[in-house]
Amino acid sequence: MTEPVAGSDRRAESRRGWIFICATAVVAGVAIGFIGGAFRWCLQTADRLRIDFVEWAHELTGPGWLAPMAAAALGATLAALIVRWVPLAAGSGIQHVEAVYRGDAQAPLLVLLPAKFIGGILSIGSGLVLGREGPTVHMGAAIGAEAARRARLPDPDIRMMQTAVGGAGLAVAFNAPIGGTLFALEEVTKSFRLPAVLATLLAAATAVGCVRFILGNDPDFFVTSVDTPALGWLPLFVVFGLLTGFLGAVYNRLVLWFLDHVGGLRRVSAIAKAALIGAIVGLAMFVYPQAVGGGDTLTQLILGGHEIVLPVVIGYLLVRFVAGPLSYSAAVPGGLFAPLLAVGALWGLLFVGVTDPLLPADVAALAIPMALVGMAAFFGATVRAPVTGIVVVIEMTATTAVAIPMLAATAAAVLVTELIGSPPIYDSLRERMLPEAER
């Protein structure tokens, strides 16, 4: 007679557990929505001020190039000082979120929140080629973990909640609720367990709803009118995807090369290294103002149909391709995702510019479609989360006109990276983060 009662108690306890998880996800989603929205607003303001500052520096008599060098070096130095205070604030933080979910690291404490917020504004706002998504994901993870602790959820649910709200952080960073959900499931958990799916959906939906109160209810990028490319162009997109796979492998290797060689300078303090890297990026900022920072303004110029001559495209691409990994080696708050999108868009423009004289048809008409495809394919090649990359680009641009070429090119890019044995960038970063005994 006691078994039905016990079974009923277990079902009631299970229902309470589900309610607690859902309620916690919603509360944490509100927090990361408003905090992440404020973070994005601060970075947008910093971008505008930085462009005005560079224009002012060009008008100075004498060595005006010293002004942006000094400003970027100061921002990087202050960010490095924050990292000295909170070491976990260094870099993207996504690899730490993954390590926590796997049980290889402790969930972040709330002290990480101001460190990532202020440090990210200083580093990204000063011009370092870093992304807003890493700090926003890590801030979301800290909020999710703290909310789960306050709700007295068990340790496995704390790890799950920091992952779910971390995914909501990505949704806030890119205004992409589905993409943020997929990121948490495809990249971090690599599974689709119902509690994680439900918590991430609720947190992402709530967070993006809140951030749109701050930044508006529009997509991140406004794309000029794009016609769906004819299916006859599909082989060209596949070739582009194959080449993008090799380019993504080179980019990942370059990130690790800079981490090894900059980190290997033991006699130079971390703060001095950050200042020197900031000065180098500041010099590039003086020459190519749009080639530094997160890259949103440059990406918008490309997707908006702004004509950029091929030599300038090459210059932007080279600067961002090197400055991104170099900036990441400064070990200050900042991610890799957003710079990848700008590099992918530039790479798409370059591919069209090079192939247009070689083919009889008008390849130039594919400039914007190839830039869109390049964003998703390059993301897929480096991060190895192809579905997330495709959905994020579609949500950020509110266009599905190039969905089929995007699928084909991204699949080709990921296939190449698998065949040549290039590991996903966050797998490599997570392994470097963990002590030798835990690998």
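Let's start with helix 15, which is mostly covered: of its twelve residues, nine are buried. Keep in mind that we are looking at a predicted model.

So where does helix 15 sit in the chain? It runs over residues 386–397. From its first C-alpha to its last it reaches 17 Å, close to the 16 Å expected at 1.5 Å a residue.

Which residues of helix 15 are buried? They are Thr 388, then the run Gly 389, Ile 390, Val 391, Val 392 and Val 393, and after that Glu 395, Met 396 and Thr 397.

And what covers those buried residues? The cover includes helix 6 (155–174) and helix 7 (177–189), along with helix 11 (296–303) and helix 13 (337–355). Helix 14 (367–383) and helix 16 (403–419) also belong to that cover. Just after helix 15 comes Ala 398, and its phi is positive, near 55°.

Now let's turn to the surface. Here there is a nonpolar patch formed by Val 26, Val 30, Phe 34, Trp 41, Phe 213 and Ile 214, and together they have about 580 Å² of accessible area. Two elements give two or more residues to this patch: helix 1 (2–59) and helix 8 (194–215). Helix 1 supplies the largest share, four residues.

One patch member to look at with me is Ile 214, which is in helix 8. Is Ile 214 buried, exposed or partly exposed? Its relative accessible area is 35%, so Ile 214 counts as partly exposed, since that class lies between the 20% and 50% cut-offs.

That's my tour for today, thanks for listening!

Note on methods: Residues numbered from 1 in each chain as written. Predicted model: local features only at pLDDT ≥ 70, side-chain atom pairs only at ≥ 80, totals over all residues. Heavy atoms only, no water. Expected span 1.5 Å × (residues − 1). Buried < 20%, exposed > 50% of the residue type's maximum accessible area, 1.4 Å probe, protein only. Contact = heavy atoms within 4.5 Å. Patch = residues over 30% accessible without salt bridge, like charges linked within 9 Å, V, L, I, M, F, W, Y side chains within 5 Å. Areas by Shrake-Rupley, 256 points an atom, 1.4 Å probe, with all protein chains shown as cover. Salt bridge = Lys/Arg side-chain N within 4 Å of Asp/Glu carboxyl O.
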